[in-house]
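Subject: Handing over the structure

Dear colleague,

I am passing this structure on to you, and I would be glad if you opened it and kept it in view while you read the rest of this message. My notes come after it.

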Amino acid sequence: MKILKTLEEKTQKGQKSLAILIDPDNVEDISSINSLLNLAKECYVDYFFVGGSLITNNNLDRIIKTIKSSCEIPVILFPGSNMHLDLSADGILFLSLISGRNADLLIGQHVIAAPILKNSGIEVLPTGYMLINSERTSAVSYMSNTSPIPPDKYSVAACTAMAGEMLGLKLIFMDAGSGANEAITQKMISQVKKVIDVPLIVGGGIDSATKAKSSIEAGADMIVIGNAIEKNPNLLIEVSEKIYDFNRSLNIH
């Protein structure tokens, strides 16, 4: 449980982490991610999340192999279904969609994947996945046939996260969805963070260093950026600087 243990230790110290999300469907040419990998190493990125709601090509395996041949940054699967498995990854977010009421994504998909993962040696990260509404309908909301939590229903989000932790989930991931126009608000993040002890991951709509800084100051232990980097690679540098400055303020190097 190297990934989880490391993340828990960093969270206990107040240290923040950064993950890059790579959606295989957004990668037309595998070689195009080489510059991103080099930049990620320079910016001390902590994790790569690889996956998406719908994967329509054969890039998943090739992307993971490319990352692992280029650097030692852990690769964590971010699956949209039990078909999105690649056992060469270092870990998998075993996502239970606790913000919705679709039984297939609460436990059904997991039953099918469990025996494969049990014998794989890949690190399984039990994760409570919570969709938070943004101005646009996200792919994951559409594909999961669930309604996200409204952005101003702080108590609903907080109680959902609490329930997930009480069920034994080791991580809580609040997501506004890829390409969201708005990031999850500071108040929503802080209200959830107050009531849980497990690491809190926040993603979706973080398209500026300012939004990244707001998210970590509100209580996010890890932020995830994806689509925004494709449009503005320099964003990774700016965000990593904010995280470095925050961690340095804690006298953590």
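Below I go from the whole chain to a few single residues.

Please keep in mind from the start that this is a predicted model, and that every value below was computed from it.

The chain as a whole

The chain is built from ten helices and eight strands. Its C-alpha atoms fill a box of roughly 45 × 45 × 35 Å when the box is taken along the principal axes. For 253 residues, a compact globule would have a radius of gyration near 18 Å, and because the chain has 17 Å, the value agrees with that expectation. Buried residues make up 51% of the 253 residues, and the accessible surface comes to about 12,000 Å², of which 51% belongs to carbon and sulfur atoms. If you look at contacts between residues at least 6 apart in sequence, you will find that 73% of them join residues at least 24 apart. As for charge, there are 22 positive and 27 negative side chains, and the centres of these two sets lie 5 Å apart.

Helix α2 and the loop after it

Helix α2 covers residues 34-42, and Lys41 has its place there. Lys41 has a relative accessible area of 36%, which lies between the 20% limit for buried and the 50% limit for exposed, and therefore it counts as partly exposed. Leaving aside residues up to four places away in sequence, Lys41 touches Ser70, Cys71 and Ile73. With Ser70 there is also a polar approach, in which the backbone oxygen of Ser70 lies 3.2 Å from a polar atom of the Lys41 side chain. Lys41 and Ile73 are 32 residues apart in sequence, yet their C-alpha atoms are 7.9 Å apart in space.

Tyr44 sits in the loop between α2 and β2, the latter spanning 47-50. Is Tyr44 buried or exposed? Its relative accessibility is 70%, which is over 50%, so Tyr44 counts as exposed. Its backbone also deserves a look, since Tyr44 has a positive phi of about 55° although it is not a glycine.

Helix α3

Thr66 belongs to helix α3, which runs over residues 59-70. Its relative accessibility is 16%, and because this is under 20%, Thr66 counts as buried. Beyond residues up to four places away in sequence, Thr66 touches Ile30, Ile33, Asn34 and Leu37.

Helix α10

Two residues that I looked at lie in helix α10, which is made of residues 234-249: one is Ser240 and the other is Leu236. Ser240 has a relative accessibility of 11% and so counts as buried, while Leu236, at 0%, counts as buried too. Which residues does Ser240 touch, not counting those up to four places away in sequence? They are Leu18 and Cys43. With the neighbours up to four places away again left out, Leu236 touches Leu18, Ile20, Leu36, Leu39, Ala40, Cys43, Val45, Ile225 and Ile229. Although Leu236 and Glu42 are 194 residues apart along the chain, their C-alpha atoms are separated by 10.0 Å.

With best wishes

Methods: Residues are numbered from 1 along each chain as its sequence is written. This is a predicted model: local features need pLDDT of at least 70, side-chain atom pairs count only at pLDDT 80 or more; totals for chains, interfaces and linings use all residues. Side-chain values use heavy atoms; hydrogens and water are left out. Helices (H or I, at least four residues) and strands (E, at least two) are DSSP runs, numbered from the N terminus. Buried means under 20% relative accessible area, exposed over 50%, partly exposed in between (1.4 Å probe, protein chains only). Contact means heavy atoms within 4.5 Å. The radius of gyration is taken over C-alpha atoms; the globule rule is 2.2 Å times the number of residues to the power 0.38. Accessible areas come from the Shrake-Rupley method with a 1.4 Å probe; for residues, only the protein chains shown count as cover. Lys and Arg count as positive and Asp and Glu as negative; His and the chain ends are not counted. The place of a charge is taken as NZ of Lys, CZ of Arg, CG of Asp or CD of Glu. A polar contact is a pair of N or O atoms within 3.5 Å; within protein, one must be able to donate a hydrogen and the other to accept it, and residues adjacent in sequence count only if both atoms are side-chain atoms.
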